[in-house]
Amino acid sequence: MLAELIQMLAEGRVEVVDLTQPLSERTPVIRLPEPFVNTPGFTLEELSRYDERGPAWYWNTIHAGEHVGTHFDAPVHWVTGREGEDTARVPARRLIGPAAVLDKSAECAADPDFLLEVDHVLAWEGSHGPLPAGGWLLYRTGWDARAADQAAYLNADESGPHTPGISPECARWLAEETPILGLGVETVGTDAGAAHSFDPPFPCHAHLLGAGKYGLTQLANLARLPPTGAVVVAAPLPIEGGSGSPARVLALVER
Ligand code: MN
C-alpha cells in the first residue's frame, strides 16, 4: 500500500498541498490587550554566513513564540486542558488524519464576524457524511488571503479584532459530541476575533483543548482541498512541556 502511495506521488495522482504559511518577521501574530503579555513574532539572528564567524557555513538562531505563524495548540495551552498533553506528549499517530473541509468564505467575506453554528456543520454532514473520527475539521473562511498583512489579518478597530470563528455552542458541540481530533483555521487563532467577550471567553480553546483535542491555526491553501478525502499531516516540534509549536502542515489529495 505504501509502495502504491509512492507511485501515486511520483505520478502526481496524489498531490501534496502545503497548508503552511511562510515564517518571517512579517508573519502576523495575535495582539492581546493590556494587561496581558504578548508573544514575540518570528525573527532570525545570524550566527555566521560564510565569513570569519564560520567560513564555510551559514546558520541562524530562531526566535519565536510557540504560537506564531501556522502552529499547533496542545491541550495544555488552555487552563481547561492543564492536565492534558503538552506538545511533546501528543502521540505521533494522532498527527495524521482525514480532513473535513467546511467552506464559509462567502459568508465571511460579507461578515468578518461570521460565526459557524451547529446547524452549518449538520448541513455539511447532510451533503458529505459525518465528521471523521480522529480527523481534522478544517474551517475555510478566506482569511488566508490576508495573511501577508498584519493589519488586514487582525482586522481590529476600537472595539477589538473582527475575524470569523465559531459560536460557543458549536465549539462545545464539536468538542464533546463529535469524534474529531481537532480544529484547523485560517485565522490567527482558533477563536473568533470577538471571542474575548463570548461565554465562555475563547470557547474553541476552552472546549476543544479541555476535551483533549487540538488546534491548528493560520493555515493556507484550504481552497485547494476537497470537502472530504484529504489526509492531513500536522507536524509540531516535540517541545517538552510546550503549549504549542510552529508546525509544518501538509495535505495529501488524490487527483
Ligand atoms: Mn495558538
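Me: Which residues line the largest cavity in this model?
Reply: Keep in mind that this is a predicted model. A search of the whole structure turns up one cavity of 30 Å³ or more, with about 40 Å³ of space in the largest cavity. Its lining is made of Asp-73, Leu-183, Thr-190, Cys-204, His-205, Leu-208, Leu-209, Tyr-214 and Gly-215.

Me: Which element gives the largest share of the lining of that largest cavity?
Reply: Two elements each supply at least two residues there, helix 6 (203-210) and strand 12. By type, the lining splits into five nonpolar residues, three polar and one charged. The largest share, four residues, comes from helix 6.

Me: Asp-73 also turns up at the metal, so to speak. Which atoms coordinate the manganese ion?
Reply: Along the sequence, the donor residues follow the spacing H-x3-H-x1-D. The two histidines, His-67 and His-71, are both buried. With distances of 2.1 to 2.3 Å, the donors are His-67 (ND1), His-71 (NE2) and Asp-73 (OD).

Me: How many residues line the largest pocket, and how do they divide by type?
Reply: This pocket holds about 720 Å³ of space. Strand 4 (71-73) and strand 9 (160-161) each put at least two residues into its lining, and Ile-30, Arg-31, Leu-32, Trp-78 and Phe-202 lie nearest the pocket's centre. The lining counts 30 residues, and they divide into twelve nonpolar, 14 polar and four charged.

Me: Is Gln-21 buried or exposed?
Reply: Gln-21 sits in the loop between strand 1 (14-18) and strand 2 (43-51). Leaving out residues up to four places away in sequence, Gln-21 touches Thr-70, Asp-144, Ala-147, Gln-218, Leu-219 and Ala-220. The cut-off for buried is under 20% relative accessible area. Gln-21 has 15% relative accessibility, so it counts as buried.

Me: Which strand gives the most to the largest nonpolar core?
Reply: That core has 23 residues, and Leu-19, Phe-72, Trp-136, Leu-138, Leu-225, Val-232 and Val-249 touch the most other members. Strand 5 (96-103), strand 7 (136-140), strand 12 (214-217), strand 13 (231-236) and strand 14 (244-254) each supply at least two residues of this core. With four residues, the one that gives the most is strand 14.

Me: How many residues are in the second core?
Reply: The second core is separate from the largest one. Among its members are Leu-102, Cys-108, Val-121 and Ile-166. Its size is 22 residues.

Conventions. Residues are numbered from 1 along each chain as its sequence is written. This is a predicted model: local features need pLDDT of at least 70, side-chain atom pairs count only at pLDDT 80 or more; totals for chains, interfaces and linings use all residues. Side-chain values use heavy atoms; hydrogens and water are left out. On a 1 Å grid over the protein atoms alone, a cavity is a set of points where a 1.4 Å probe fits but cannot get out, and a pocket is an open set with protein on both sides within 12 Å along at least five of seven lines; lining residues have an atom within 4 Å of a point. Grid points are joined across faces, edges and corners, and a volume is the space filled by probe spheres set on the points. Ala, Val, Leu, Ile, Met, Phe, Trp, Tyr, Cys and Pro count as nonpolar, Asp, Glu, Lys and Arg as charged, and the others, Gly among them, as polar. Buried means under 20% relative accessible area, exposed over 50%, partly exposed in between (1.4 Å probe, protein chains only). Contact means heavy atoms within 4.5 Å. A nonpolar core is a set of buried Ala, Val, Leu, Ile, Met, Phe, Trp, Tyr and Cys residues joined through side-chain atoms within 4.5 Å. Donors are N, O and S atoms within 2.8 Å of the metal (3.2 Å for Na, K and Ca); water is not among the atoms, so sites may look incomplete.
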